[in-house]
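Visitor: I would like a close look at one part of this protein, the sheet. Please take me through it strand by strand, and then show me what lies around it.

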Amino acid sequence: MAAHRKPKQRPYTGPAARTAATLAFAGAATAAALPGPAHADPQRTPAQVRSEVDRLYHDAEVATEQYNGAKEKATAAEGALDTLRDEAARRTERLNASRAALGSFAAAQYRTGGLDTSVQLALSSDPDQYLERAAYLDRIGDRQAAALGKVRRQVAQIATLRAQAKGKQAALAARQAELKKHRATITAKLAEAQRLLARLSPPERTAYADSDHGSPGRADRSTARGPVRAPNARAAAAVAFAYGALGKPYVWGATGPSSFDCSGLTQAAWRSAGVSLPRTTYTQINAGRRVSRSELAPGDLVFFFSGISHVGLYIGNGQMIHAPRPGAPVRIAPIDQMPFAGAARVA
């Protein structure tokens with residue numbers, strides 16, 4: 001009885017083999033390209049997108065304040081370095097003048113000091129004249145010794161200045177590296193926020209822009225001010241400046257006059273009133289006397305979040321003027337829209 005065997009398949013060769021390989025590769029590539037349930041990108045709801053964008057903007061603002069602080073320190077380090085370099089240059093000029101004078105003394109000594117003083121006296125035809133000259137040469141010797149000591153001190157001082165300048169140069173390089181890091185963080189956070197916002201429909205993006213934390217702040221100014229008056233002329237000037245900045249764009253790192261970030265706005269407002277504030281939120285909170293929320297008066301600085309990463313200028317009736325975030329210009333907003341962290345009265 002003949003055995004029933006499965007026919008042996010012949011391997012593909014030639015064009016058939018190439019066709020089979022192509023089909024197999026295409027199938028594998030298609031399977032790899034199609035996302036499976038375990039690798040699917042989770043679809044966020046509009047509310048989740050808005051929440052994530054809020055977080056990214058907050059993180060970017062934290063990095064912005066760190067950038068502002070690093071920039072302020074870098075500017076100070078650069079100024080100190082320039083001062084040291086200028087001083088070193090001036091001292092080098094004086095050193096060169098001292099060296100020239102010392103060279104003149106040495107040349108005079110060489111011309112007159114070839115013989116021992118007793119031999120010069122013995123050979124002199126006019127001893128009185130010689131003794132007078134000898135006394136003069138002694139004075140030159142004393143001056144030469146003093147000049148030599150001065151040169152040595154100047155050399156030491158210049159070496160110290162150069163060492164200090166080297167330290168300032170290293171500090172400046174560190175600050176510049178810190179600036180670069182914070183700038184990269186800000187850019188990445190803002191780009192991710194824009195990418196998420198692009199997923200929303202136009203009406204949803206408009207709703208986000210007009211939400212409580214991003215309202216345009218076009219309230220009637222007389223109503224916004226209400227009966228509350230600034231406690232002094234300087235506070236009134238700062239508040240008036242903030243009102244004048246309404247509608248100007250938020251730009252991180254900006255201090256005016258055409259754009260602002262949050263601490264840049266408060267710094268500029270009080271600068272217009274003749275008061276100098278530090279650059280960052282976490283230093284501005286210590287620039288004046290701390291006041292409680294119940295004590296707030298127009299002109300006070302109001303701070304938000306646990307890391308003191310946002311600041312606005314209080315204008316009364318529970319409202320402030322602030323620079324919220326990219327895409328949201330300077331506006332009026334209630335102070336209870338963010339976690340309140342404290343307040344300071346500058347003047």
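Guide: What follows walks through the sheet, then its core, and then the salt bridges elsewhere in the chain. Keep in mind that this is a predicted model.

Start with the whole chain. It has nine helices and six strands. Of its 347 residues, 34% count as buried. The accessible surface comes to about 20,400 Å². Carbon and sulfur atoms hold 56% of that surface. Among contacts with a separation of 6 or more, 68% join residues 24 or more positions apart.

Now the sheet. Six strands form an open sheet, and the pairing is antiparallel. Read across, the order is β1-β6-β2-β3-β4-β5. At the edges stand β1 (289-291) and β5 (331-334), and each of these pairs on one side only. Neighbouring strands are turned by 40° against each other on average, direction ignored.

Take β2 (301-304) as the starting point. On one side, β2 pairs with β6 (residues 340-345) in the antiparallel sense, over four bridges. Within that pairing, F304 stands opposite F340 of β6. L301 has A344 as its bridge partner in β6.

Strand β2 also pairs with β3 (310-316). Here too there are four bridges, and the two strands run antiparallel. L301 has L313 as its bridge partner in β3. V302 is matched with G312 of β3. So L301 has a bridge partner in β6 and another in β3.

Both faces of β2 are covered. L301 and F303 lie on one side, V302 and F304 on the other. These four residues are all buried. Between β2 and β3 the hairpin has five residues. F305 in this hairpin takes a positive phi near 75°.

Move on to β3. This strand is mostly covered, and seven of its seven residues are buried. Three bridges join β3 to β4, again antiparallel. L313 stands opposite I321 in β4. The hairpin of β3 and β4 has two residues between the strands. N317 sits in that turn, with a positive phi of about 55°.

What lies across the strands? Helix α8 lies across β2, β3 and β4 (319-322). The helix runs at about 45° to β3.

Several of these residues return in the largest nonpolar core. That core has 30 residues. Those with the most contacts inside it are W270, L301, L313, I321 and V330. Recall that L301 is the bridge partner of L313, and that L313 stands opposite I321. Helices and strands both contribute to the core: α7 (233-244), α8 (262-272), β2 and β3 each supply at least two residues. Apart from this core lies another, of 24 residues. V53, A74, L81 and A193 are among its members.

Finally, the charged pairs. The structure holds nine salt bridges. One of them joins D261 to R279, at 3.0 Å from N to O. D261 lies in the loop between α7 and α8, and R279 in the loop between α8 and α9 (281-284). The two are 18 residues apart in the chain. Both D261 and R279 are buried.

Other salt bridges form a network of E52, R55, D59 and K189. E52 and R55 both lie in helix α2 (residues 46-112), three residues apart, about one turn of the helix. Their closest N and O atoms are 2.5 Å apart. E52 is buried, because its relative accessible area is 19% and the cut-off is under 20%. R55 counts as partly exposed, because its relative accessibility is 37%.

D59 meets K189 in another salt bridge, at 3.6 Å from N to O. This pair links distant parts of the chain: D59 in helix α2 and K189 in helix α4 (residues 127-197), 130 residues apart. D59 is partly exposed, with a relative accessible area of 22%. K189 is partly exposed as well, at 24% relative accessibility.

Technical notes
Residues are numbered from 1 along each chain as its sequence is written. This is a predicted model: local features need pLDDT of at least 70, side-chain atom pairs count only at pLDDT 80 or more; totals for chains, interfaces and linings use all residues. Side-chain values use heavy atoms; hydrogens and water are left out. A nonpolar core is a set of buried Ala, Val, Leu, Ile, Met, Phe, Trp, Tyr and Cys residues joined through side-chain atoms within 4.5 Å. Buried means under 20% relative accessible area, exposed over 50%, partly exposed in between (1.4 Å probe, protein chains only). Axes are lines fitted to C-alpha atoms, for helices over the stretch in contact, and angles run from 0 to 180 degrees between N-to-C directions. Contact means heavy atoms within 4.5 Å. Accessible areas come from the Shrake-Rupley method with a 1.4 Å probe; for residues, only the protein chains shown count as cover. A salt bridge is a side-chain nitrogen of Lys or Arg within 4 Å of a carboxyl oxygen of Asp or Glu.
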